[in-house]
Amino acid sequence: EQHPDDVALIWSMDDDRLDGRSPQDKWQAVQESVRGSMWFQTFRGRVKGAILAIAQGNAGRAVHLICIKGGPITNLEQQEMNTIANQVERELDEIKLEARITLEYVSYTHFCRAHP
């Protein structure tokens, strides 16, 4: 269910409220709207928590994150992944745990071939 604060979000460049704007301005508006949403904050928190839990359970071992390429919102999520990974590494450093977090961006087809 959608959070009440997220009802008026601009999720798409096709949103009527963006009529007359350039494609770049439309994309900027979508990014600002989505990044400010309750949904996006929850997404970031859950991803960060999952990475942190996996890294803590595998201290000293590499954690490899695979991001599957997709549409505009997926691209926005992926733009945040490096920041999230860096935050996790800093938090682990604070509790004296080592972590090597790597990111890989692949197509869905590539992912399916590599992980049948």
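This section describes the confidence, secondary-structure arrangement and selected residue environments of a predicted model.

The mean pLDDT of the protein chain is 90, and 98% of its residues attain 70 or more. Among the elements of the chain, the lowest mean pLDDT, 91, belongs to helix H3 (residues 72-94), whereas helix H4 (residues 108-114) has the highest, 95. As a general caution, predicted coordinates should not be read in detail where pLDDT is low.

Strand E1 (residues 62-68) pairs with strand E2 (residues 100-106) in the parallel sense, over 7 bridges. Within this pairing, valine 63 is placed opposite isoleucine 101 of E2. Together with helix H3, the strands E1 and E2 form a β-α-β unit, and the unit is right-handed.

Leucine 103 is located in strand E2. With a relative accessibility of 24%, leucine 103 is classed as partly exposed, because the buried class is restricted to values under 20%. The C-alpha atoms of leucine 103 and isoleucine 66 are 6.0 Å apart, although 37 residues separate the two in sequence. When neighbours within four places in sequence are set aside, leucine 103 is in contact with Leu65, Cys67, Met81 and Asn82. Of these partners, Leu65 and Cys67 fall within the residue range of E1, while Met81 and Asn82 fall within that of H3.

For helix H1 (residues 23-35), the 13 residues should span 18 Å at 1.5 Å a residue. The C-alpha atoms at the ends of H1 are 18 Å apart, so the model agrees with the expected span. The buried residues of this helix are Lys26, Ala29, Val30, Gln31, Ser33 and Val34. In an α-helix, with 3.6 residues a turn, residues three or four places apart point the same way. The buried residues of H1 pack against helices H2 and H3.

Helix H2 (residues 38-57) contains arginine 44. The relative accessible area of arginine 44 is 18%, and the residue is therefore buried. Apart from neighbours within four places in sequence, arginine 44 is in contact with Glu80, Thr83, Ile84 and Gln87, and these four positions lie within the range of H3. A further relation involves glutamate 77: the C-alpha atom of this residue is separated by 8.3 Å from that of arginine 44, the two being 33 residues apart along the chain.

The cysteine residues were examined for disulfides, and the count comes to 0. The sulfur of cysteine 67 is 15 Å from the closest cysteine sulfur, that of cysteine 112, and this separation is too far for a bond because a disulfide requires sulfur atoms within 2.5 Å. Cysteine 112 is accordingly in no disulfide, the nearest cysteine sulfur being that of cysteine 67. The two residues also fall into separate accessibility classes: cysteine 67 is buried, with a relative accessible area of 7%, whereas cysteine 112 is partly exposed, at 33%.

Terms used: Residues are numbered from 1 along each chain as its sequence is written. This is a predicted model: local features need pLDDT of at least 70, side-chain atom pairs count only at pLDDT 80 or more; totals for chains, interfaces and linings use all residues. Side-chain values use heavy atoms; hydrogens and water are left out. Two strands pair if DSSP finds at least two bridges between them. Helices (H or I, at least four residues) and strands (E, at least two) are DSSP runs, numbered from the N terminus. A crossover is right-handed if, with the strands pointing away from the viewer, the path from the first strand over the helix to the second runs clockwise. pLDDT is the predictor's confidence in each residue, from 0 to 100. Buried means under 20% relative accessible area, exposed over 50%, partly exposed in between (1.4 Å probe, protein chains only). Contact means heavy atoms within 4.5 Å. The expected span of a helix is 1.5 Å times one less than its number of residues.
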